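Please look at the sequence and the three-dimensional structure shown here. The paragraphs below serve as a guided reading of them.

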Amino acid sequence: MAGKLTVVEGMAVAEVVAANWEQIYNFQARPGDILIDTYPKSGTTWMQEIVDLILHDGDEQICMRAPISERIPFIELLHLMKPGFEEVNARPSPRVLKSHLPYQLVPPSFWKHNCKVIYVARNARDTLTSFFHFDHLVLIHPDPEPFEDYLQRFMKGDVGWGSWYDHVKGFWAAREKENILYILFEDKKKNPSQEIQKVAKFLGKELSEDLLLKIAKLSSFEHMKNNPMANNSDFPKEILDQSEKSFMRKGKVGDWKTLFTAQQNEMFEADYERQMSDTTLKFPKLK
Ligand code: PPS
């Protein structure tokens, strides 16, 4: 059964998330906590695995201590899954947390305590493509079919967690005044070691070349896909139905070409130029 979206503080979001908005927005981050924030489908889980591996010096066994969603809990779903608010509040600091909230709706406690925030952005077309496929599995979101409608909804920000454009631009604009590391999915794909090193430095860790290569390997798409503790296969079935397709889909750059028609691409491009005209943020040109 498909779920519904509603609007909270100008952001479209699943009704079940909106229903708990006060508790989400008032999440109490503490000094030293780390936030991984992204628009959905931008490589959040990949970054979660990288951060956990960095913080545990690439120890594969420790990083398999629990599913990724328990190791790095998702703030907006704490009231719906394990670990809940109570358990996360009781965990010692520093904690690592995941969120898809746009800059202006991040719980203020993160900024108050100058927490480190790692932001990952992915080009709009691949994000949309990944989200379209994913929304077939997400039971708390509306049915994404037909694609033509989804395309329009994405451009208007009428999908879970609102406008991609505002999300990536909001964090981009804030990156100099807050403690934000801004990473692109495409750069991570092209040169994983280089981007992992950036994350490590941001977290105050210096990784040897060997450790860097080890972490790149353990966080590769193939490795994570086959790692039950990293592939989200345990995600609650009431939220995500993976009976036919799985969370780890392709992990590629440029998959949008399998979905967009030439005409849809042209229309999307014109709208993209308009919506991105007020930012210096640029994604690598996709061939
Ligand atoms: S979610 O549900 O919003 O948290 O999803 P998120 O983790 O942000 O994004 C899921 C997409 O990231 C791909 N993925 C990866 N790509 C490359 N390397 C690694 N290690 C990796 N892990 C996950 C995943 O397959 C989704 O992208 P698509 O294009 O759908 O395959």
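The explanation begins with the sheet, continues with the helices beside it, and ends with the salt bridges.

The structure is a predicted model. A good place to start is its open sheet, in which four strands pair in parallel, in the order β4-β3-β5-β6. Strands β4 (96-99) and β6 (180-184) are at the edges, where each pairs on one side only. From one strand to the next, the twist averages 20 degrees. One pairing may be followed in detail: strand β3, covering residues 34-38, is joined to β4 by four bridges, and the two run parallel. Within this pairing, D37 has S99 in β4 as its bridge partner.

The helices beside the sheet come next. Helix α3, made up of residues 44-55, lies across β3, β4, β5 (116-121) and β6, and runs at about 160 degrees to β3. Helix α11, residues 192-202, also packs on the sheet, where it touches β5 and β6. The direction of α11 makes about 170 degrees with that of β6.

Attention now turns to charged side chains. Side chains of opposite charge can pair when their charged atoms come close. In the whole structure, a search finds 14 salt bridges. One of them is formed by the side chains of D52 and R71, with 2.7 Å from N to O. D52 belongs to helix α3 and R71 to helix α4 (residues 68-71), so this pair ties together parts that are 19 residues apart in sequence. Are D52 and R71 buried or exposed? Both residues are buried.

Helix α11, already met on the sheet, holds a further salt bridge: E195 pairs with K198, and their closest N and O atoms are 3.1 Å apart. The two residues are three apart within α11, which is about one turn of the helix. E195 counts as buried because its relative accessibility is 1%, whereas K198, at 35%, counts as partly exposed.

A similar reading applies to helix α14 (residues 262-275), where D271 and R274 are three residues apart and therefore separated by about one helical turn. Their side chains meet in a salt bridge of 2.7 Å, N to O. With a relative accessibility of 13%, D271 counts as buried, while R274, at 55%, counts as exposed.

Finally, salt bridges can share partners: E49, D52, R65 and R71 are joined in this way into one network. D52 and R71, the pair that ties helix α3 to helix α4, thus appear again as members of this network.

Methods
Residues numbered from 1 in each chain as written. Predicted model: local features only at pLDDT ≥ 70, side-chain atom pairs only at ≥ 80, totals over all residues. Heavy atoms only, no water. Pairing = 2+ DSSP bridges. Axes fitted to C-alpha atoms, helices over the stretch in contact; angles between N-to-C directions. Contact = heavy atoms within 4.5 Å. Salt bridge = Lys/Arg side-chain N within 4 Å of Asp/Glu carboxyl O. Buried < 20%, exposed > 50% of the residue type's maximum accessible area, 1.4 Å probe, protein only.
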